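Visitor: I have a model open and I keep meeting labels on it. Could you show me how each label is earned?
Guide: Gladly, let us take a look together.

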Amino acid sequence: GTVYDAAGTEVVSPAAGGSYLAKADVTLGGKITEANFESAVLTISKNDAAAVTTSFTTFDGSAGDWIYKQPASAEHTDDGKYAYTVTLTDKAGFTTAYAVTVLVDTTAPELTVTSPAANESVEQNTKEFKGTITDSGCGYKNITYTLTNSSGEKTEKTFTPAGESWNSGSVSLGTKQGTLTLELYAADKLDNKTETKSITFYYDDAYPVISETTVGVSGKVTN
């Protein structure tokens with residue numbers, strides 16, 4: 001599977017000693033070229049726990065080829081930071097170790113919206129959207145929102161939060177009063193996306209208008 005660097009950019013040629021991100025199954029492998037090769041041992045540590053000796057998925061001692069497949073379950077049960085070490089020993093007892101680290105992250109960030117509130121009425125024609133965002137894996141990347149006014153006109157923007165407490169900055173609500181629908185989702189550096197949140201609120205800066213008043217006085221009606 002594809003691996004990425006810390007910024008979420010695909011790494012074409014990963015190498016031993018590197019540290020990578022992954023959001024799908026990963027296959028690690030190599031070829032042992034030591035003429036006096038004796039043995040190879042794979043150990044894996046998850047989330048800095050003690051390393052555990054693990055069997056290779058496939059190992060061909062005569063050809064020197066080895067493979068280990070790391071699953072990345074859609075149920076997020078495999079998420080975590082894995083440190084893989086392959087230790088080679090030759091017939092003279094000399095050892096060489098090769099290590100690589102992979103952070104498996106299939107989980108979207110956690111996104112909350114604190115403003116606007118559902119069914120909130122706004123008197124100004126601008127509004128700052130606010131909330132919080134956290135990500136325990138590779139880190140959050142951006143938030144995308146779409147604002148739809150009562151005429152069906154849409155405004156869409158993607159921005160990078162400055163911190164876990166995010167603020168969209170001042171957003172124009174347009175010139176037409178009425179119902180507004182705000183839809184938002186967030187993505188992490190591996191493009192794991194949250195479900196879209198939808199919030200309905202209102203833009204109304206005018207007092208109610210009464211076109212005609214009827215008042216009855218002493219049996220008379222005045223319009």
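Visitor: What makes the contact of Asp65 and Lys31 a salt bridge?
Guide: Please keep in mind that this is a predicted model. A salt bridge needs a side-chain nitrogen of Lys or Arg within 4 Å of a carboxyl oxygen of Asp or Glu. For the side chains of Asp65 and Lys31, the N to O distance is 3.2 Å, so the pair fits the cut-off of 4 Å. Asp65 belongs to strand E8 and Lys31 to strand E4, so this salt bridge ties together parts that are 34 residues apart in sequence.

Visitor: Why is Lys31 called exposed?
Guide: The word exposed is kept for residues over 50% relative accessible area. Lys31 has 54% relative accessibility, so it counts as exposed.

Visitor: And why does Asp65 count as partly exposed?
Guide: Buried means under 20%, exposed means over 50%, and partly exposed is in between. Asp65 has a relative accessibility of 33%, so it counts as partly exposed.

Visitor: How many salt bridges does the structure hold?
Guide: There are seven. One of them joins Glu128 and Lys130, with the closest N and O atoms 3.8 Å apart; the cut-off is 4 Å, so this pair qualifies too. Glu128 has a relative accessible area of 34%, so it is partly exposed. Lys130 has 36%, so it is partly exposed as well.

Visitor: What makes Asp191 and Lys193 a salt bridge?
Guide: Their side chains meet at 2.9 Å, N to O, and the limit is 4 Å, so the label holds. Lys141, Asp191 and Lys193 form one network, joined by salt bridges that share partners. Asp191 is partly exposed at 34% relative accessible area, and Lys193 is partly exposed at 43%.

Visitor: Let us turn to the strands. How do you know that strand E13 and E16 pair, and in which sense?
Guide: Pairing asks for at least two bridges between two strands. Strand E13, residues 126-134, has six bridges with E16, so the two count as paired. The sense is antiparallel. Gly131 stands opposite Trp166 in E16.

Visitor: Which strands are the edge strands of the sheet with the order E11-E13-E16?
Guide: This open sheet has three strands and antiparallel pairing. Its edge strands are E11 (110-115) and E16 (165-172), each of which pairs on one side only. On average, neighbouring strands of the sheet are turned by 25 degrees against each other, direction ignored.

Visitor: What kinds of residue line the largest pocket?
Guide: The lining divides into 18 nonpolar residues, four polar and one charged. The space in the pocket is about 460 Å³. Among its 23 lining residues, the closest to the centre are Ala16, Leu28, Gly29, Trp66 and Val100. Gly counts as polar here, so Gly29 goes with the polar group.

Visitor: Which strand gives the most to that lining?
Guide: E4 does, with six residues. Strands E4, E8, E9 and E10 each supply at least two residues of the lining.

Visitor: What about the second largest pocket: which residues lie nearest its centre?
Guide: They are Asp79, Asp105, Thr107, Ser136 and Gly137, out of 13 lining residues. Here the space is about 180 Å³, and the lining divides into four nonpolar, five polar and four charged residues. Asp counts as charged, so Asp79 and Asp105 go with the charged group.

Technical notes
Residues numbered from 1 in each chain as written. Predicted model: local features only at pLDDT ≥ 70, side-chain atom pairs only at ≥ 80, totals over all residues. Heavy atoms only, no water. Helix = DSSP H or I, 4+ residues; strand = E, 2+ residues; numbered from the N terminus. Axes fitted to C-alpha atoms, helices over the stretch in contact; angles between N-to-C directions. 1 Å grid on protein atoms, 1.4 Å probe; cavity = no way out; pocket = protein on both sides within 12 Å on 5 of 7 lines; lining within 4 Å. Points joined across faces, edges and corners; volume = space filled by probe spheres on them. Buried < 20%, exposed > 50% of the residue type's maximum accessible area, 1.4 Å probe, protein only.
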